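Trainee: Could you take a close look at one part of this model with me? I would like to go through the aromatic rings and then see the chains around them.

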Amino acid sequence: MSNPMMYVATMAVVTYLIRVLPLTLFNKPITNIYVQSFLYYVPYVTLAVMTFPTILYETNSQLAGLAALIVGIMLAWKDKGLFQVSIACCLIVLTMEYII
Amino acid sequence: MEFKKGIKDSIPVGLGYFAVSFSLGIIAKNVGLSPIQGFLTSLFINASAGEYAVFLMISTHGTFIQMVIMTLVSNARYFLMSFALSQKIEEKTNLLHRMCIGFDLTDELFGLAINHEGKVNHKYIYGTYLVALPCWAFGTALGIMAGNSLPTKIVASLSVALYGMFLAIIIPQAKKDRVIGLLIIISFLLSYICKDVPISGGTRTILLTIIISMAAAIIKPRKKEENV
């Protein structure tokens, strides 16, 4: 493929199909308890897998990422909102990056 | 009401998106994309690992088949999320809305929808898209324009906003449900152990998600009354 936008178009179409097929095909609740349980666990597992250890490598020093992880867990445990937890993580990283 | 709530909840996502897509823009510039091309790429793909794969393919002159396989591998996890979301949106949501919801189903916006109390309405999801889509698309365009002029310390600190948001979604549920708490610890551990396995991040995410969630569903199926 010579035009870079051909690559973009290919991925855009394939990705859209991946995203839209299950949503449009499954419009009835699933009653099987194992499938239900699986789908209930999926979001939490996938978000956990994506968070760690990646958070350590997003920052210039791993220590800053670790600090963000700890602060994030502590604040989330105290039921702080999405925005507060996110901002606190950013601030702690910014502070650490300038100290180290 | 639901629309406004969606907008408010997605502001941290928008910030994080801007940072991540800005850094993607720097890569896009290196493979020769213009700001408009970068804008279109982000607007129509909406996937960080996926777009990275596109830029890689452009620079290595990959074939069409390679591009398709690369897409399936880096974006297959959205299939699972779409499946899970099909059980979370209101049953009466019509086909057109379902097709629009599918357009910007990303890790973060999926997280927000799943975090919603009870069933989620399409208006809430559209609120989150309204913030996320422009932040993501303009971030890439600006990244291409600005190149490397923004301090890396600022970019680094913005990029953890997404993970902070993930934590804010999963940790409160761990308090309510011990099984989720245990699963998060297991997920962290296995993800750390597997971090050097030579497969793409997207593939690793999907494999670990399927294995851990399946094992949990078999060992600890939820009781009927717990299911919403």
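How many aromatic pairs does a search of the whole structure find over all chains?

Mentor: Happy to. Keep in mind that this is a predicted model. Over all chains, the search of the whole structure comes up with 11 aromatic pairs. Let us take one of them, Phe18(B) with Phe22(B): the ring centres are 6.1 Å apart and the planes meet at 35°, so this pair is tilted. The reasoning rests on the angle, because planes under 30 degrees apart would count as stacked and those over 60 as edge-to-face. As a rule, a pair of aromatic rings is described by the distance of the centres and the angle of the planes.

Where do the two rings sit? Both Phe18(B) and Phe22(B) belong to helix H2 of chain B, which covers residues 11-30. They are four residues apart, about one turn of the helix. Their surroundings can be told from their accessible areas: Phe18(B) is partly exposed, with a relative accessible area of 29%, whereas Phe22(B) has a relative accessible area of 7% and is buried. The dividing value is 20%, because buried means under 20% relative accessible area.

Aromatic rings also come together across the chains. Tyr16(A) joins Phe44(B) and Phe103(B) in one aromatic cluster. Other rings of chain B have a charge for company. Arg77(B) lies over the face of Tyr78(B), at 4.6 Å from the ring centre, and the charged end of Lys195(B) sits over the ring of Tyr192(B), 5.0 Å from its centre.

Now step back to chain B, the home of helix H2. Chain B has 13 helices and zero strands. With a radius of gyration of 18 Å, close to the 17 Å that the globule rule gives for 228 residues, chain B is as compact as a globular protein of that length. Its C-alpha trace spans about 55 × 45 × 35 Å along the principal axes. Of the 228 residues in chain B, 54% are buried. Among contacts in chain B with a separation of 6 or more, 79% are between residues 24 or more positions apart. The accessible surface of chain B is about 10300 Å², and carbon and sulfur atoms account for 71% of that area.

Chain A, which supplies Tyr16(A) to the cluster, has five helices and zero strands. Its radius of gyration is 20 Å, well over the 13 Å that the globule rule gives for 100 residues, so chain A is more spread out than a compact globule. The C-alpha atoms of chain A fill a box of roughly 50 × 50 × 20 Å along the principal axes. Even so, 51% of the 100 residues of chain A count as buried. Of the contacts in chain A between residues at least 6 apart in sequence, 40% join residues at least 24 apart.

Finally, look at the nonpolar interior. In soluble globular proteins, nonpolar side chains tend to be buried together. Here the largest nonpolar core has 90 residues, and those with the most contacts inside it are Ile55(A), Val54(B), Leu85(B) and Ile170(B). Follow Ile55(A) outward, leaving aside neighbours within four places in sequence: Ile55(A) touches Gly65(A), Ala68(A) and Leu69(A) as well as Val160(B) and Tyr163(B).

Technical notes: Residues numbered from 1 in each chain as written. Chains lettered and ligands numbered in written order. Predicted model: local features only at pLDDT ≥ 70, side-chain atom pairs only at ≥ 80, totals over all residues. Heavy atoms only, no water. Phe/Tyr/Trp six-rings, centres within 6.5 Å; stacked < 30°, edge-to-face > 60°. Helix = DSSP H or I, 4+ residues; strand = E, 2+ residues; numbered from the N terminus. Buried < 20%, exposed > 50% of the residue type's maximum accessible area, 1.4 Å probe, protein only. Lys NZ or Arg CZ within 6 Å of the ring centre and 35° of its normal. Rg over C-alpha atoms; globule rule 2.2 N^0.38 Å. Contact = heavy atoms within 4.5 Å. Areas by Shrake-Rupley, 256 points an atom, 1.4 Å probe, with all protein chains shown as cover. Core = buried A, V, L, I, M, F, W, Y, C linked by side-chain atoms within 4.5 Å.
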